[in-house]
Amino acid sequence: MVAAGAWVLVLGLWGAVVGDRNITARIGKPLVLNCKGAPKKPPQQLEWKLNTGRTEAWKVLSPQGGPWDSVARVLPNGSLLLPAVGIQDEGTFRCRATSRHGKETKSNYRVRVYQIPGKPEIVDPASELMAGVPSKVGTCVSEGGYPAGTLSWHLDGKTLTPDGKGVSVKEETRRHPETGLFTLHSELMVTPAQGGAPRPSFSCSFSPGLPRRRALHTAPIQLSVLEPVPLEEVQLVVEPEGGAVAPGGTVTLTCEAPAQPPPQIHWIKDGMPLPLPPSPVLLLPEVGPEDQGTYSCVATHPSHGPQESRAVSISITETGEEGPTAGSVAEPGLGTLALALGILGGLGTAALLIGVIVWHRRQRRGEERKAPENQEEEEEERAELNQQEEPEAAESSAGGP
Ligand SMILES: *[C@@H]1O[C@H](CO)[C@@H](O)[C@H](O)[C@H]1NC(C)=O
Ligand SMILES: *[C@@H]1O[C@H](CO)[C@@H](O)[C@H](O)[C@H]1NC(C)=O
C-alpha cells in the first residue's frame, strides 16, 4: 500500500512538472515528438520511454537504436520519430532531458491515433414512406474509421433523436480483424406524422471519436410520404364475366382492394383458404371440373382486420352442343369422350358437394328455424343444383351477353 502510494505520488510529480500534452496522429503517417529542454545536437543527456499497445510496461528506448527502430527511434536532435503510426502506438511517451547547464525538463505526451473513414453513404434508401406506418428510411454506412465514432441522422437539417416510437435507430459496429478499423451501420426507421411534410429530406453524419476532427456528411435523400387510404370495399372481378367457362378455358379472378398501404390478398375456395402466396390475381388456366366452386378473396390490412369480397361461382359450360364455337371439329371422338368423362366427373363431384351442403343446411335450418335468409339460401341452392344438373339451362341464363 505504502509503495503504491509513493508510486502515485512520484507519477503525480512527474506529470506536474510539464503537464500532459495530448497528441492525435493519423494512422500510417509519421509522428515526431520533441524532447523539451534537450540540446539540439549530441552529446545529449536524455531518455525516451513509452508505454503503448506494443509494450507490456514502460519501455526505455536506447539512443543507439535497435530492434525498435522501425517503430520509434531517437533522432540526432533528441526528438522521437515514429515512421508510421499504428493503432498499437496509442499510449504515453515521456522524455527526460538535462540541458548543458544541468537543468532537467520532462515532456509527457498522450498519443491517440485516428483514421478518417470514407464519406458515409446511405444504402438501400426507401423510395417512399407511409404516413402513420413505421418505415425504413435507409442504412447509413461509414467504413474504415478509427476510433469508432458515431453516426447520426438528420431530418430537414435537424438532428433526429431516437425515441423508440416515431424515430428508431438500429446500430451495428464491426471491426476489421486485421486493420482494426471500424465499420458502422445505422438503420433509421421513422413513422411520418399524418398530414406532415410531404417531401422530407434525410441525411446522415459521421462524428469522429476524437475532438477537433471534422464531421462527414452524406448527400441528403428526399423521400415522398404517402398518406394512407382506408380500405372501403373489396371488389372481385371475374373474367369471363359470369364465371362460366368452357373446359380448358382460362378464368382470371382479380381482387380490387384499393388502399394505401396495399393490403395482402388471399383466396378462398368453397370456404377453404387456398394455399397460395398472397396475390391480387388468381389465374385458373385450363379449367377442369376440379376448378368449379365458389371463390372469394380476403384483403388483410395491417391496421384494419381482414375484409372479404362477395363470392363468385365458377362453373364449366357444356361446349358439346355449341358445335362451331367450340372448335372441336378436328377430333370429335376424343373431345366428346373427354367431355363426357368431364361431365360425369363433374356431376359426381357436384352431387357429392350438394349432398354435403344440403345435409349441412338441413342441420342449420333445424337450429335456426326462424331465420329469413334461409328462404333465399334454399333458392340459391336450388339454382346451383339446376346449374349442375341441367347445363343447357345454366348456359342460357349465365351466358347472357
Ligand atoms: C488530455 O486528454 C485527457 C483525457 O483524454 C484530458 O483529461 C486532459 O485534460 C487532456 N489534456 C489536455 C492538455 O488537453
Ligand atoms: C528534430 O528533427 C525532426 C526531423 O528532422 C524535426 O521534425 C523536428 O522538428 C526537430 N526537432 C526540434 C526540436 O527541432
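The questions and answers below go through a predicted model, from its sheets and loops to the shell of ligand 2.

User: In what order do the strands of the open sheet of 5 strands stand?
Analyst: The pairing in this sheet is mixed. Its edge strands are β1 (21-26) and β4 (59-61), each of which pairs on one side only. Neighbouring strands are turned by 25 degrees against each other on average, direction ignored. The order is β1-β8-β7-β3-β4.

User: Is strand β7 largely enclosed or left open by the rest of the structure?
Analyst: Strand β7 covers residues 91-98. A residue counts as buried under 20% relative accessible area. In β7, 6 of the 8 residues are buried, so the strand is largely enclosed.

User: How many bridges join strand β3 to β7?
Analyst: Strand β3 spans residues 45-52 and runs antiparallel to β7. One facing pair is Lys49 and Arg94. Another is Leu46, whose bridge partner in β7 is Ala97. The strands β3 and β7 are joined by 8 bridges.

User: Which residue in β8 stands opposite Arg94?
Analyst: Strand β8 takes in residues 104-114 and runs antiparallel to β7. There are 8 bridges between β7 and β8. Arg94 also stands opposite Lys49, with Arg94 placed in β7. In β8, the residue opposite Arg94 is Asn108.

User: What phi does Gly102 have in the turn of the hairpin?
Analyst: The hairpin is formed by β7 and β8. Between the two strands lie 5 residues. Gly102 sits in that turn, and its phi is positive, at about 85 degrees.

User: Why is one side of β9 and of β14 left without a neighbour in the sheet?
Analyst: The open sheet here has 4 strands in the order β9-β11-β15-β14, with antiparallel pairing. β9 (121-123) and β14 (167-175) stand at its edges. One side of each is free because each has a single partner strand.

User: What is the bridge partner of Glu121 in β11?
Analyst: Strand β11 holds residues 135-145. It pairs with β9 in the antiparallel sense, over 3 bridges. The partner of Glu121 is Val141.

User: Where is Pro43 placed?
Analyst: Pro43 follows a cis peptide bond that joins Pro42 and Pro43. Omega there is about 0 degrees. Pro43 has its place in the loop between β2 (31-33) and β3.

User: What is omega for the peptide bond from Glu239 to Pro240?
Analyst: Pro240 lies in the loop between β20 (235-239) and β21 (244-245). The bond from Glu239 to Pro240 is cis. Omega is near 0 degrees.

User: What is the relative accessibility of Asp156?
Analyst: Asp156 is not a glycine, but it has a positive phi of about 50 degrees. Its place is in the loop between β12 (150-155) and β13 (158-159). Asp156 counts as partly exposed, at 47%.

User: What relative accessible area does Asp270 have?
Analyst: Asp270 also has a positive phi, about 50 degrees, without being a glycine. It is found in the loop between β23 (264-269) and β24 (272-273). Partly exposed covers the range between 20% and 50%. Asp270 falls into this class at 38%.

User: What distance separates the C-alpha atoms of Val287 and Gly249?
Analyst: Val287 is in the loop between β25 (281-284) and β26 (293-300). At 3% relative accessibility, Val287 counts as buried. Along the chain, Val287 and Gly249 are 38 residues apart. Their C-alpha atoms are separated by 5.4 Å.

User: How do the residues of the shell around ligand 2 divide?
Analyst: The residues around the ligand are Val32, Asn34, Lys40, Leu75, Asn77 and Ser79. By class they divide into 2 nonpolar, 3 polar and 1 charged.

User: How far from an oxygen atom of ligand 2 does a polar side-chain atom of Asn77 lie?
Analyst: A polar contact needs a pair of N or O atoms within 3.5 Å. For Asn77, the partner on ligand 2 is an oxygen atom. The distance is 2.4 Å.

User: What share of the accessible area of ligand 2 does the protein cover?
Analyst: A nitrogen atom of ligand 2 is 3.1 Å from an N or O atom in the side chain of Asn34. Ser79 has a polar side-chain atom 3.1 Å from a nitrogen atom of the ligand. On its own, ligand 2 has 360 Å² of accessible area, and the protein covers 49%.

Conventions
Residues are numbered from 1 along each chain as its sequence is written. Chains are lettered from A and ligands numbered from 1 in the order in which they are written. This is a predicted model: local features need pLDDT of at least 70, side-chain atom pairs count only at pLDDT 80 or more; totals for chains, interfaces and linings use all residues. Side-chain values use heavy atoms; hydrogens and water are left out. A residue is near a molecule or strand if one of its heavy atoms lies within 4 Å of it. A polar contact is a pair of N or O atoms within 3.5 Å; within protein, one must be able to donate a hydrogen and the other to accept it, and residues adjacent in sequence count only if both atoms are side-chain atoms. Accessible areas come from the Shrake-Rupley method with a 1.4 Å probe; for residues, only the protein chains shown count as cover. Ala, Val, Leu, Ile, Met, Phe, Trp, Tyr, Cys and Pro count as nonpolar, Asp, Glu, Lys and Arg as charged, and the others, Gly among them, as polar. Buried means under 20% relative accessible area, exposed over 50%, partly exposed in between (1.4 Å probe, protein chains only). Two strands pair if DSSP finds at least two bridges between them. Axes are lines fitted to C-alpha atoms, for helices over the stretch in contact, and angles run from 0 to 180 degrees between N-to-C directions.
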